[in-house]
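Me: Please take a close look at how one part of this model is packed inside. I would like the enclosed space treated in detail, followed by one helix contact for comparison of residue classes.

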Amino acid sequence: MNERMALLATVDKGLTESETLRLVLHHAVVELGGVGGLVHLRVPASGLSLLEVAGLPRVLTRSWELLGVDGETAPARAVRQGSRVWVATDPLTEAWPGTGMAAVPLFGGDRGDRAVGALTVLMGAQGEPTAQQWDFLRDVTTWAEEQMSHAPPPAQPSREEPRGGRLRRALKEAQVGSWDWNFHTGELIFDEASMALSGTQPADYVPRIESWLQVVHPDDLPWTLAAAWRAIRDRSVYDAEYRVLRPDGTYGWTHARGTCVLDDQGEPTRMVGMWWDTNESRSTQDALSRALRHMSDGFLSVDDNWRIVFVNLEAELILGSPEEELVGRVLWELPAMQQMPDLENRYRKAAAISTPTGFDIQTTGRCYHLRVVPVPDGTTCYITDVTEKRHREAERQAAERAHAERATRIAELTAALAEAATSRDVVAAVAQRVLPPFGATGLLVQAVEGNRVHTVGAVGYPQPLLDQLRSPPMSVQAAPVSETLRTGVPMFISSPEEYEARYVAPADRIGQSGKQSWAFLPLITSGRPYGACVISFDCPRRLAAEDRTLLNAISGLVAQALERARLYDVEHTRAHELQQGLLPHELPSLLACTAAARYLPARQGMEVGGDWYDIIPLSSGQVAFVIGDVMGHGVSEAVTMGRLRTAVHTLAALELPPDEVLGHLNDIVGGLSKETYATCLYALYDPSSHICSFARAGHPPPAVVSSDGTVHFPGPNPDPPLGVAEPPFETTEVLVPDGSLLVLYTDGLVESATRAIDDGMAQLTSLLRTAGDAVRDADLERLCDTLTAGLLPAEDQVADDAALLVARLHAMTADQLADWPLPEGPQAAGVARKHVRKQLSAWGLEDLTMTTELLVSELVGNVVRHAKGPAKLRLLRTDCLICEVSDDSLTMPRIRRALETDEGGRGLQLVAALSQRWGTRYTATGKCIWTEQTLPGTDVQKSLPEVSGLAVDERL
């Protein structure tokens, strides 16, 4: 039974009343297992007319075609009582022993509260229907009554009734008959024209209402009778258009109009009226009317004055009013239309266009598409509820946008992972391009090393939690992470309750992180687990299958990227450690200068470079400043840098001038490979003369900053880089006042793909000028930070290494040095000793007098024996006592081991034994031999030694 009612619920509401009654009758007979079934409709002043028959031949139902309402038949009693009736032995079924009649009344909403008919089922030997069968009959008749209320109505009556001359012309041009129906006797009198319309011969006509019922089309009879009942009940005009049977067996359309005649008490006794033929083009008009009336879209017609002349059922529902309240109203004056913004303006514009035009209108919670079609004398408008369609389109477009956005994000993620060099780069790429599309707020990437798990990177987790997750053993790792690593299968947990239900042990640290749902993704490379990626959300969420598949695919990309990054991290760490080992660990502390330096690796590529710097202390308080850049990035360049730095130290120890140092370096670089070249600046500062001399091979010039903030870049254009230059190199000498700054740098500090080197040097100049406080306060560390932050902002992606060396130069004062010319010949040694005794007494260094006299005597004696030209003596007091003897000869003394039988050759051995350090260097006119002695109180002073068993005396 429920299945039949569900089936009937799918029936379209456009069925006619006859079709509806025929359908429910067949279902009732089959469901109750009856022999057959009947449907009767009540005829005013007549009785019950048989309308539909199921399962019974007409020859057996002739006695049922017209029943009296007051009779004892089952249909009559059901109509009269308004309730179900079971008659075991019906007077009309005596010929069918063992049968019974089950009848239920039919009601119509617009026909009053009285029953308008009955549905009867002829039951067999099973007897009276069960309670469930009676309930089904009740439900199916209720459905029929509801369906009939939505059945297509009869054609609209003519709006103007012919009168006077027009009536006479109409009667003359058309066959119009008259009729008179007596409600008390059931007599129906037709004139000749009416008989012709009904297809009845005068000799055969029986003046009863049954004669009319027999010629009306069964499909039209229900609503035609309904119109009659309504006219009688309301004392109104009867107006109906219906089909009647023609003599040739076909049906033709007729139109009947009548008026009730009332008695003295105001009760209707008769109805008189006219009847005429309307068959011409009626079939086409009826088909079109039904199609428009019951079409699924709303339809209305508007005249030239914007007034509604026709609406269908769907338009009535949309506009919220029945047809009689809509016809004649101006379209946009309707309340429903006033809720549609800008309807009048858009409708008028659409009507002004000669072609059909469509547009969407939004109203409260709904969206309608209006299609305006201009027609003669007005417009027609189709109204379609497209709310669901637009909603689906919006959802589809949103889904397409989301899919496209995700595809773009995945493409960006793939490109970013391909460019990611380090593990941090991989984590940053995933956080930036995976979390936003999925609405995630947390990311934790962990890798397995041995029996421990360490955190590679994280986003959205508090630092205390990350500290606890730094490197736990597998045994105490979070349960879902351990399970994911063990099985290699992703896990998705949609809520904290699900987390606790799956892992009954005390909640681990990940479960206590404040997140509400998680995706645990295994990171597998080369068939083995690399680690796990945990993506978390701030609210409970059950990921769709598509999202899970996508996240699983992303985890594969991340695993591969992390494996590459891990290898890169290992290599980069080694290269970085190599480079750090090759750079100075700390700058030397010297009286001639105070220095600070910075090395800034490239932020793109993360490969080591070949930039380096150095400060090398030389004799007599001199200092060598070196800065260079091996072109390229990688371990090979870092190794080349280390070789050059070692070579510079060796060459500087030879006290060679800057141009010769670069010449030797050029030979070294040229011998490495044709693709290797480097830039270098070598500066030599002499604090006694305040002169800084430098030479540069393809390197930017140094910046000299005076104490008043003036900045200048001395020197001409540089020579070519090392490896491609052709010596000699040009040397530049600059007089540097005491306290000035010497700023050396590589091109990575001032030059980039977006900034020319001239612009960078101009910016460097500006920063040096504005950093007055740092310059004056000698805060060189702060000055370095200012320069690097200004020239290389943290947000910029720097593609080249940069080195910076800043030194404040300190000159010697006049009271720190003394020099004298010495006469030629052996007396020079005695003169030199006198100068030493006097000067050391003035400096308060009498404790060094004897040793210094011995050193000076040996040095001067060496000059007298082996050199030429006048000698010079110079004493310098810095953090040690420096003694220099120079001459015009280029012949350098060499220390050798003298045999006990040799008479000479022990002088330089004596010098080396008495001094802390000694050496020689070339000068502009010859050479210089120098010694250094520790000042009293700073170290253990060397005592007079014995050389080859002989005591040293003052014989020289």
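Reply: The account below takes the enclosed space and then a helix pair. This is a predicted model, in which local features need pLDDT of at least 70 and side-chain atom pairs count only at pLDDT 80 or more, while totals for chains, interfaces and linings use all residues. Residues are numbered from 1 along each chain as its sequence is written, and side-chain values use heavy atoms, without hydrogens and water.

Seven cavities of 30 Å³ or more occur in the structure (a cavity being a set of points on a 1 Å grid over the protein atoms alone where a 1.4 Å probe fits but cannot get out). The largest holds about 140 Å³ of space. It is lined by 13 residues, of which W179, W181, W212, Y238 and Y242 are the closest to its centre (lining residues have an atom within 4 Å of a point). Elements giving two or more residues to this lining include β7 (176-182), α8 (209-215) and β9 (237-245). By class, the lining comprises 12 nonpolar residues, one polar and no charged (Tyr and Trp count as nonpolar).

The helix pair is formed by α28 (residues 827-843) and α29 (residues 849-866), whose axes lie 9 Å apart at an angle of about 150 degrees. The two helices are therefore roughly antiparallel (angles over 145 degrees). Among the residues that meet are A828, R833 and L840 of α28 and T849, E853 and V864 of α29 (contact means heavy atoms within 4.5 Å). Eight of the contact residues are nonpolar, three polar and three charged.

Definitions and conventions: Axes fitted to C-alpha atoms, helices over the stretch in contact; angles between N-to-C directions. Helix = DSSP H or I, 4+ residues; strand = E, 2+ residues; numbered from the N terminus. Parallel < 35°, antiparallel > 145°, perpendicular 65-115°, else oblique. 1 Å grid on protein atoms, 1.4 Å probe; cavity = no way out; pocket = protein on both sides within 12 Å on 5 of 7 lines; lining within 4 Å. Points joined across faces, edges and corners; volume = space filled by probe spheres on them.
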